[in-house]
Amino acid sequence: MQYLINEGHFSLPGNWQDSSMNILTPVLSDIPGANLVVTREMLPEGAEFSDYLAVQKKKFRTELKAMTFTVEEPCQVEGRPAEYWEFSWNNQGVTIQQLLLVMLNGRQVLTLTYSSTQALAEADRKAMRGTLLQFRFGIPQGGK
């Protein structure tokens, strides 16, 4: 398997599955506690994307204290099924606001989750929503 990361790439012998997670944090951000997490997992055998989404929503509602969805929108990213969610929940007295894009890429589920420990100004929320929904698969033309 050829594996590409921001810093470079390497080859792994045999069969491998990418179940990695990346955490990105802004430098000198006006929004304290902000981060973007990219996760990858495989859709379980026999499961449909809709099943996966239903399980995730139930898990969030069960495990996250005072969890409230404000946006739940089916969409597509480059013709692939996706859903965009916005929600908040309480973590030991701190309200966490999250914007999440879940995409199906073959059998892989790719999730981009933006989190903030404070309520986002409408302009910031719209900007991050636009950033998530502009995700494109593959390597940009001209290399990285």
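Two exercises on a predicted model follow, each with a worked solution.

Residues are numbered from 1 along each chain as its sequence is written. Local features need pLDDT of at least 70, side-chain atom pairs count only at pLDDT 80 or more, and totals for chains, interfaces and linings use all residues, while side-chain values use heavy atoms, with hydrogens and water left out.

**Exercise 1**

Find how many helices and strands the protein has, and in which pattern they follow along the sequence.

Solution. Step one is the count: the protein has two helices and eight strands. Helices (H or I, at least four residues) and strands (E, at least two) are DSSP runs, numbered from the N terminus. Step two is the pattern, which reads β-β-β-β-α-β-β-β-β-α.

**Exercise 2**

Place Glu-86 in the structure: state its strand, decide whether Glu-86 is buried or exposed, and list what Glu-86 touches.

Solution. Begin with the strand: Glu-86 belongs to S6, residues 80-91. Next comes accessibility, where buried means under 20% relative accessible area, exposed over 50%, and partly exposed in between (1.4 Å probe, protein chains only). Glu-86 has a relative accessible area of 4%, so Glu-86 is buried. Of the protein's 144 residues, 36% count as buried.

Then take the contacts (heavy atoms within 4.5 Å). Leaving out residues up to four places away in sequence, Glu-86 touches Thr-68, Phe-69, Thr-70, Val-71, Gln-98, Leu-99, Arg-125 and Arg-129. In the whole protein, among contacts between residues at least 6 apart in sequence, 44% join residues at least 24 apart.
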